[in-house]
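This briefing sets out the structural features of one chain for a reader working from its sequence and coordinates. The points are grouped by topic after a short lead.

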Amino acid sequence: MTLTEKQKKHLRRLGHPLSPIVMLGNAGLTPGVMKELERALTDHELVKVSARIGDRSARDAALDDLAKQTSSEIVQRIGNVGLFYRRNTEIAKILLPD
């Protein structure tokens, strides 16, 4: 699923007041982090992830890997925080503009 710029703008607006739910630390991508992000995406659809990992390239690689493994899309990346979106297939909570 690829999002249009209009949809990303809408999701950024919705994600602005959110606090990070999932924290990614020095241990990196552990099974526990993956499980927690899966649960959060299923429950909320739009989730902020804080990645406190060394340099920028390692952080970006970790966030990209999280998106691939959870079949989600990175809507926005600012500093060490990424905003992830994955539509709930059963009951969509967020309606996206066309």
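Arg39 and Asp43 both belong to helix α2, where four residues, about one turn of the helix, separate them. The model is a predicted one. Within it, Arg39 and Asp43 form a salt bridge whose closest N and O atoms are 2.8 Å apart, and Glu36 joins Arg39 and Asp43 in a network of salt bridges.

**Salt bridges**

- Five salt bridges are found in a search of the whole structure.
- In addition to its bridge with Asp43, Arg39 meets the side chain of Glu36 in a salt bridge, at 2.5 Å from N to O.
- Arg39 and Glu36 are three residues apart in helix α2, so about one helical turn separates them.
- Each member of the network is partly exposed: Arg39 has a relative accessible area of 39%, Glu36 has one of 30%, and Asp43 has a relative accessibility of 32%.
- A further salt bridge pairs Asp64 with Arg77, with the closest N and O atoms 2.7 Å apart.
- This pair links distant parts of the chain, since Asp64 is in helix α3 and Arg77 is in strand β3 (residues 73–78), 13 residues apart.
- Asp64, at 32% relative accessibility, counts as partly exposed, and Arg77 is likewise partly exposed, with a relative accessible area of 34%.

**A buried lysine**

- Lys8 is located in helix α1 (residues 5–15).
- Lys8 is buried but takes part in no salt bridge.
- The nearest side chain of opposite charge to Lys8 is that of Glu73, 4.2 Å away; this does not count as a salt bridge because the criterion requires a nitrogen within 4 Å of a carboxyl oxygen.
- Apart from residues up to four places away in sequence, Lys8 touches Leu3, Glu73 and Val75.

**Nonpolar cores**

- The largest nonpolar core has 17 residues, of which Val49, Leu66 and Phe84 touch the most other members.
- At least two residues of this core come from each of β1 (22–24), α2 (31–44), β2 (46–51) and α3 (56–70).
- The greatest contribution to this core is that of α2, with five residues.
- A second, separate core has seven residues, including Leu46, Val75, Leu83 and Ile94.
- Beyond its neighbours within four places in sequence, Phe84 is in contact with a set of residues that includes Leu41, Val49, Leu63, Leu66 and Ala67.
- Phe84 also contacts Glu45, Leu46, Val47, Ser72, Glu73 and Ile74.

**Helix α3**

- The 15 residues of α3 should span 21 Å at 1.5 Å a residue, and the end C-alpha atoms are 21 Å apart, in agreement with that expectation.
- Arg59, Ala62, Leu63, Leu66, Ala67 and Thr70 are the buried residues of α3.
- These buried residues line one face of the helix, because they fall within an arc of 135° when seen down the axis of α3.
- The partners against which the buried residues of α3 pack are β1, α2, β2, β3 and β4 (81–85).
- Ala61 also lies in α3, but it is partly exposed, with a relative accessible area of 46%.
- Ala61 and Leu3 are 58 residues apart in sequence, and their C-alpha atoms are 20 Å apart in space.

**Positive phi angles**

- Most residues other than glycine have a negative phi.
- Glu45, which is not a glycine, has a positive phi near 70°.
- Glu45 sits in the loop between α2 and β2 and counts as buried, at 0% relative accessibility.
- Ser71, also not a glycine, has a positive phi of about 55°.
- Ser71 comes just after α3, in the loop between α3 and β3.
- At 59% relative accessibility, Ser71 counts as exposed, whereas Glu45 is buried.

Note on methods: Residues numbered from 1 in each chain as written. Predicted model: local features only at pLDDT ≥ 70, side-chain atom pairs only at ≥ 80, totals over all residues. Heavy atoms only, no water. Core = buried A, V, L, I, M, F, W, Y, C linked by side-chain atoms within 4.5 Å. Buried < 20%, exposed > 50% of the residue type's maximum accessible area, 1.4 Å probe, protein only. Contact = heavy atoms within 4.5 Å. Lys, Arg positive; Asp, Glu negative; His and termini not counted. Expected span 1.5 Å × (residues − 1). Arc of directions from axis to C-beta.
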